[in-house]
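Work through the exercises below with the sequence and the model at hand. Try each task before reading its solution.

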Amino acid sequence: MKSFIVTLILTTVYTLVFPFASHAASQQQITARQGVLDARSLDLAQTVLSLKGEWEFYWQRLETPEHSHGNNSAMIEVPAVWADASYTGSQTLKNEGYGTYRLRIILPKQNKSKPLSLYIPSIASAYKLWVNGKLAASNGVVGTNKESMEAQSYSKVVTFQTNTNEIELILQVSNFTQRKGGMWKSIQFGSDALIRQAREYSVLKDSFLASSLFVLGSFQLILYLFHRKNLLSLFLGCFCLLMTLRTLLVGDRLLIDWIPSISWEFSVKLEYLTSYIGCLLLFTFVTYLYPEESNRFIAKVFAAICIGFSLTTLLPAIYFTKWIFIFQIFLVPILLYIIYIIIRAAIRKRIGALINCVMLIIIIICILNDIFYYHFFSIGTDAVPLGAFITLFVQSLIIAQRSSYAFIKVERLSAELLQVNYSLEERITQRTMELKNMNEELQRTNEALQTIEQTRQQFFSTIAHEFGTPMQSIQGYLQLLQEGLPLKEQQKYLQVVYEKTKLLNRLSIDLLELAKMEENQIQFYFEEVEIKELLSYFSQQFKLEIERNGLCCEQTALISVPAGGRLFLRIDFIRLEQVFSNLLQNAIRHTPKGGKISLHSEAYCYTSLNNEEHWGIRILFCDTGSGIESELLPHLFKRFVKGKQSSSKTGTGLGLAICQQIIKHHGGTISVSSELGKGSQFTITLPAFLQKGAEEQ
């Protein structure tokens with residue numbers, strides 16, 4: 001059990017941290033010199049560039065593209081807060097003030113006229129950005145004093161195109177609201193695809209940690225409701241819910257992105273409050289877990305310190321953000337004291353002490369990392385949410401372990417009672433009554449433990465519903481590889497592991513894409529396409545695919561189009577091709593060789609209530625395959641729905657759900673009719689518009 005938990009911790013850290021490290025390694029270390037960054041040697045389609053180095057800087061001046069530059073300018077090192085930055089000007093910089101950054105980027109020729117993006121992190125604490133003279137982004141309101149500015153800080157992606165080989169960035173920044181001012185994180189620059197991929201990974205990582213912490217924290221609170229005396233579950237549950245909130249308030253600050261009405265001042269108060277109360281809950285948890293190794297006086301002193309600093313958040317952010325360093329000075333000896341408690345408990349062989357020691361050392365390392373990170377001594381990232389996730393997950397396993405010990409104890413007690421009953425015949429009547437009462441009590445205890453165990457199993461089964469099976473397969477094959485099999489067998493098992501990881505990756509991508517579509521976060525690129533050209537293209541593509549799989553292909557030309565008229569669709573060509581390809585692959589997969597797949601299309605017209613004429617197109621995909629069960633048809637476009645006739649072992653059950661979302665974004669509908677053993681028919685309707693009297697091209 002202990003080796004499994006340690007392995008799980010290391011696997012979790014590797015899984016969450018390694019992609020970030022790999023992404024960071026792909027960034028080029030080219031820096032700006034004298035306000036110019038020469039990127040001509042790079043291919044931005046393959047590289048993410050961190051805009052570090054010397055920027056032109058105008059202290060206490062808000063320059064715009066219309067102003068002349070170069071007079072009274074100095075150089076400032078980026079990233080850094082103003083008070084600690086390397087600055088060539090004659091004035092002394094303070095974290096409270098305002099200024100203008102300027103940087104020229106010389107682009108490689110192959111990236112000219114291609115979509116480029118900037119990944120702008122949190123900048124303290126309001127900014128306005130121009131790209132080549134055009135206002136591209138802003139956060140909050142830039143001002144020259146506390147009254148005229150409005151703070152706001154969360155990450156953004158800015159996309160643009162340029163027809164020149166040079167980009168000019170002008171960034172106004174002001175800060176009168178917190179302890180750090182200026183550009184203390186680097187702006188990332190590269191192709192639109194790479195930057196958005198980095199943004200999506202960051203959002204996915206934070207969302208995964210936040211949702212995991214929320215679910216596991218809720219589980220601990222449910223355990224507490226079942227057993228009110230179990231304060232450990234209460235402390236753990238509250239701690240992880242606080243870490244859920246903190247995860248959404250740091251990094252990309254997803255909470256502000258999701259709920260823009262939250263003020264910057266309030267979000268900063270929440271961020272600091274979660275740190276203070278979270279540390280208090282963590283320390284209280286340890287003292288309750290091992291009371292004999294803890295000192296109550298130290299616990300009370302630290303509780304008073306945490307509560308006192310929590311009350312400071314009632315003041316404006318410009319004050320309490322400067323006092324966090326004092327709290328961290330108190331925090332370091334407390335963290336060392338926690339390690340001391342856990343080591344003493346491990347020496348005394350308390351239940352779960354060794355695992356708790358490893359777990360708490362990990363979260364303490366994460367806390368120390370965050371202290372260094374937010375004081376600019378480290379280039380890492382916020383790691384406390386990761387440590388909190390590992391903490392609660394391991395604690396859940398320890399609770400399961402303790403439940404197992406309780407079952408063993410019950411079994412031993414039952415055996416001892418039976419032995420006493422057989423050895424003491426003269427007290428049979430008395431012992432029988434005692435055993436009856438004790439057995440009833442044990443039965444109630446057993447039922448209560450079974451209820452808790454069933455709740456736990458159902459909870460984790462829901463979380464691992466789709467990820468569990470591939471992960472188990474991977475673990476099994478890796479275990480076989482450890483036994484020293486021949487090279488040929490190893491290659492075969494590695495191929496299986498590779499396929500399973502591809503399935504997990506595809507499942508993650510499909511889930512992310514489907515979630516974005518449902519939340520309208522994916523941008524569609526619509527264009528006007530004539531229906532005949534569209535159908536001709538898909539017919540040629542699909543005919544080759546169908547005949548290559550040994551099937552017959554039947555197609556009909558577009559019907560019901562008025563003479564002299566041309567019908568057009570407004571579509572995202574790539575997304576619509578994704579729908580057609582998915583339906584075609586499903587039809588091929590479920591149609592035996594020698595079967596037939598048909599593609600029919602027809603135009604239709606209807607009149608609205610205000611007597612306006614509207615056109616549409618109806619496209620039918622028909623096959624003579626195995627068909628779909630009737631009870632499955634109403635649920636076919638839901639997530640993870642697969643029929644009993646499905647032969648696919650690699651499908652995710654998300655394809656039709658994604659197709660439905662794509663068609664929905666086009667203003668159309670998709671439906672299905674099928675009869676088991678006779679085939680299926682998928683019908684797509686899309687709105688169209690008619691151009692009358694146009695000549696055929």
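**Exercise 1. The largest core**

Task: Describe the largest nonpolar core and say which helices supply it.

Solution. The model is a predicted one. Start with the size: the largest nonpolar core holds 61 residues. Within this core, Phe327, Ile338 and Leu360 have the most contacts.

Next, assign the core to helices. At least two residues each come from H2 (192-226), H3 (231-249), H5 (264-289), H6 (296-311), H7 (317-320), H8 (324-347), H9 (353-374) and H10 (384-423). H5 gives the largest share, 12 residues.

Then take one residue as an example. Apart from neighbours within four places in sequence, Ile338 is in contact with Phe283, Val286, Leu360 and Ile364.

Finally, look for another core. A second, separate one has 46 residues, among them Val529, Leu567, Phe580 and Leu656. As background, nonpolar side chains tend to be buried together in soluble globular proteins.

**Exercise 2. Length and burial of H3**

Task: Check the length of H3 against the expected span, and decide whether H3 is largely enclosed or not.

Solution. First the length. H3 has 19 residues, and the expected span is 1.5 Å times one less than the number of residues. This gives 27 Å, and the end C-alpha atoms of H3 are 27 Å apart, so the two values agree.

Now the burial. A residue counts as buried under 20% relative accessible area. In H3, 14 of the 19 residues are buried, so this helix is largely enclosed by the rest of the structure. Just after H3 comes Gly251, with a positive phi of about 65 degrees.

**Exercise 3. Two packings of H15**

Task: Describe how H15 packs with H14 and with H16.

Solution. Two packed helices are described by the angle between their axes and the distance between the axes.

Step 1, H14 with H15. H14 (residues 531-548) and H15 (residues 573-590) pack at about 30 degrees, with axes 11 Å apart. Their crossing is right-handed. On the H14 side the contact includes Leu534, Tyr537 and Phe538; on the H15 side it includes Phe573, Phe580 and Leu584. The residues of this contact are 10 nonpolar, two polar and two charged.

Step 2, H15 with H16. H16 covers residues 655-665, and the angle between H15 and H16 is about 145 degrees, with axes 10 Å apart. This crossing is left-handed. From H15 the residues are Arg575, Leu576, Gln578, Val579, Asn582, Leu583 and Asn586; they meet Gly655, Leu656, Ile658, Cys659, Ile662 and Ile663 of H16. This contact divides into eight nonpolar residues, four polar and one charged.

**Exercise 4. Cys659 and its helix**

Task: Is Cys659 buried or exposed? Which residues is Cys659 in contact with, leaving aside its neighbours within four places in sequence?

Solution. Locate the residue first: Cys659 lies in helix H16. Its relative accessibility is 2%, which is under the 20% limit, so Cys659 counts as buried. The buried residues of H16 also include Leu656, Ala657, Ile658, Gln661, Ile662 and Ile663.

For the contacts, leave out neighbours within four places in sequence; Val579 and Asn582 then touch Cys659. Phe580 is 79 residues from Cys659 along the chain, yet their C-alpha atoms are separated by 8.6 Å. After H16 comes Gly667, with a positive phi near 80 degrees.

**Exercise 5. The whole protein**

Task: How many helices and strands does the protein have, and what percentage of its residues count as buried?

Solution. There are 16 helices and 19 strands. Of the 697 residues, 46% count as buried.

Technical notes:
Residues are numbered from 1 along each chain as its sequence is written. This is a predicted model: local features need pLDDT of at least 70, side-chain atom pairs count only at pLDDT 80 or more; totals for chains, interfaces and linings use all residues. Side-chain values use heavy atoms; hydrogens and water are left out. Axes are lines fitted to C-alpha atoms, for helices over the stretch in contact, and angles run from 0 to 180 degrees between N-to-C directions. Helices (H or I, at least four residues) and strands (E, at least two) are DSSP runs, numbered from the N terminus. A crossing is left-handed if the near helix is turned anticlockwise from the far one by less than a right angle, and right-handed if clockwise. Contact means heavy atoms within 4.5 Å. Ala, Val, Leu, Ile, Met, Phe, Trp, Tyr, Cys and Pro count as nonpolar, Asp, Glu, Lys and Arg as charged, and the others, Gly among them, as polar. A nonpolar core is a set of buried Ala, Val, Leu, Ile, Met, Phe, Trp, Tyr and Cys residues joined through side-chain atoms within 4.5 Å. Buried means under 20% relative accessible area, exposed over 50%, partly exposed in between (1.4 Å probe, protein chains only).
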